[in-house]
Amino acid sequence: MDLKGKNAVVTGASRGIGLQIAVDLAKQGANVAIVDIGSEEAAKAAVETVSSYGVKAVSYRCDVSSGASVKETVAAIKKDFATVELLVNNAGITRDNLMNFMKEEDFEAVINVNLKGVFNMTKAVSALMIRQKFGRIVNISSVSGMMGNAGQVNYAASKAGVIGLTKSVARELASRGITCNAVAPGFIETAMTKDLSTENSPLIASIPLGRMGQVEDVAQAVVFLLSTDYITGEVLRVDGGIAM
Ligand code: NAP
C-alpha cells in the first residue's frame with residue numbers, strides 16, 4: 001500500500017526509534033503528528049526534520065499514560081489533519097531493577113506508559129479509524145516481553161501486555177478494515193540503551209548477528225507492517241536473532 005498522503009500519529013517521536021519512524025514515514029510521503037511528553041526544543045527539531053521531506057508535521061505535547069491528555073491530543077490532531085490512517089505506539093520508558101529492590105511506583109510508572117499508554121492512544125485513534133473503515137496500527141513491544149529479562153519485571157510485563165493487546169485489537173477491529181501488529185526490537189542503540197556496556201560484552205556475544213540494532217532497522221519493519229494489507233496480529237522481531 002502506498003503511504004503517500006496518509007496521516008500518521010507516532011508517539012515518542014521526537015527522538016530515538018520514534019523519530020526514525022517519523023522520518024521514514026515522511027520519506028514515503030506520509031504526514032506525521034509527532035506526539036511526545038518532552039522538551040519543546042526536541043519536538044521543534046523533530047518537526048523541522050520531518051517536514052524537510054515535504055510533508056506536513058505538527059508536534060503535540062501529550063502524556064500517553066493519561067487518558068485525558070490523549071483524548072485532548074487526538075481531538076487536536078483530528079482538527080489539524082482531519083483523518084488518521086496510521087498509528088505507531090512507540091513511547092516507552094524503563095525503570096530497571098531486580099524485583100526485590102523495585103519500588104511499586106517504578107512498576108506502576110512503566111505499566112502506565114508502556115501498556116496503558118498504548119491502550120489510551122489506540123482507543124482514541126481507532127475511534128477515528130472505525131469511522132473511516134481503514135487503519136494500520138503498529139505497537140512497539142520488545143523481546144523482553146517475549147523472553148523475560150532479569151532486572152525488568154515491570155518492563156517485560158508491560159511489553160508482554162502490548163503483545164496481548166495487539167492480538168486482541170487485531171481480532172476486534174479486523175472487520176473494520178483495521179490491522180494491528182507489533183514490532184519487538186532487541187537491543188537497539190538509543191538513549192534507552194546508552195548505559196549498556198558493549199565492549200567485549202556477553203550481551204553482544206548473545207546476538208547471532210553480532211551487533212546491536214540501529215533505529216533504521218526498527219523503522220524499516222514498522223513501515224513494512226504499516227504498508228501491508230493481509231498481516232494482522234503478528235509480532236515481528238527486529239533483534240539480530242536474539243529471541244529465535
Ligand atoms: P527513547 O530514546 O528513550 O525514547 C522514548 C520516547 O518516548 C521519547 O521520545 C520520550 O519522550 C517518549 N515518552 C516517554 N514517556 C512518555 C509519555 N508518558 N508520553 C509520551 N511520550 C513519552 O527510547 P527508544 O529506545 O527510542 O524506544 C522507543 C520504543 O522502543 C520504546 O517503547 C521502547 O520500550 C522500545 N524498545 C526499545 C529498545 C531499545 O533497545 N532501544 C528495545 C526494545 C524496545 P521524552 O523525549 O520527553 O523523554
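These points cover the cysteines, the strands around β2 and one helix residue in a predicted model.

1. Cysteines. The search of the whole structure turns up zero disulfides. A disulfide is a covalent bond between the sulfur atoms of two cysteines. For C62, the closest cysteine sulfur belongs to C180 and lies 18 Å away, too far for a bond. The same holds from the other side: the sulfur of C180 has that of C62 as its closest cysteine sulfur, at 18 Å. The cut-off for a disulfide is a sulfur pair within 2.5 Å, so the 18 Å between the sulfurs of C62 and C180 rules out a bond.

2. Burial of the cysteines. C62 is buried, with a relative accessible area of 3%. C180 is buried as well, and its relative accessible area is 1%.

3. Strand β2. This strand spans residues 31-36 and is mostly covered, six of its six residues being buried. In a regular strand the side chains alternate between the two faces of the sheet. In β2, one set that points the same way consists of N31, A33 and V35, while V32, I34 and D36 point the other way. Both sets are buried, so burial here applies to residues pointing either way from β2.

4. Pairing of β2 with β1. Strand β1 takes in residues 7-11 and pairs with β2 in the parallel sense, over five bridges. One of the bridge partners can be named: N7 is matched with N31 in β2. Between the two strands comes helix α1, residues 16-27, and β1, α1 and β2 make a right-handed β-α-β unit.

5. Pairing of β2 with β3. Strand β3, residues 57-61, runs parallel to β2 and is joined to it by five bridges. Here A33 has V58 in β3 as its bridge partner. To get from β2 to β3 the chain passes through helix α2, residues 40-51, in a β-α-β crossover that is right-handed.

6. T73. This residue is placed in helix α3, which covers residues 67-81. Is T73 buried or exposed? T73 counts as buried because its relative accessibility is 5%, and the cut-off for buried is under 20%. Leaving out residues up to four places away in sequence, T73 touches V35, Y60, R61 and C62. Of these contacts, V35 is one of the buried residues of β2, and C62 is the buried cysteine of points 1 and 2.

Methods:
Residues numbered from 1 in each chain as written. Predicted model: local features only at pLDDT ≥ 70, side-chain atom pairs only at ≥ 80, totals over all residues. Heavy atoms only, no water. Buried < 20%, exposed > 50% of the residue type's maximum accessible area, 1.4 Å probe, protein only. Helix = DSSP H or I, 4+ residues; strand = E, 2+ residues; numbered from the N terminus. Pairing = 2+ DSSP bridges. Right-handed = clockwise from strand over helix to strand, strands pointing away. Contact = heavy atoms within 4.5 Å.
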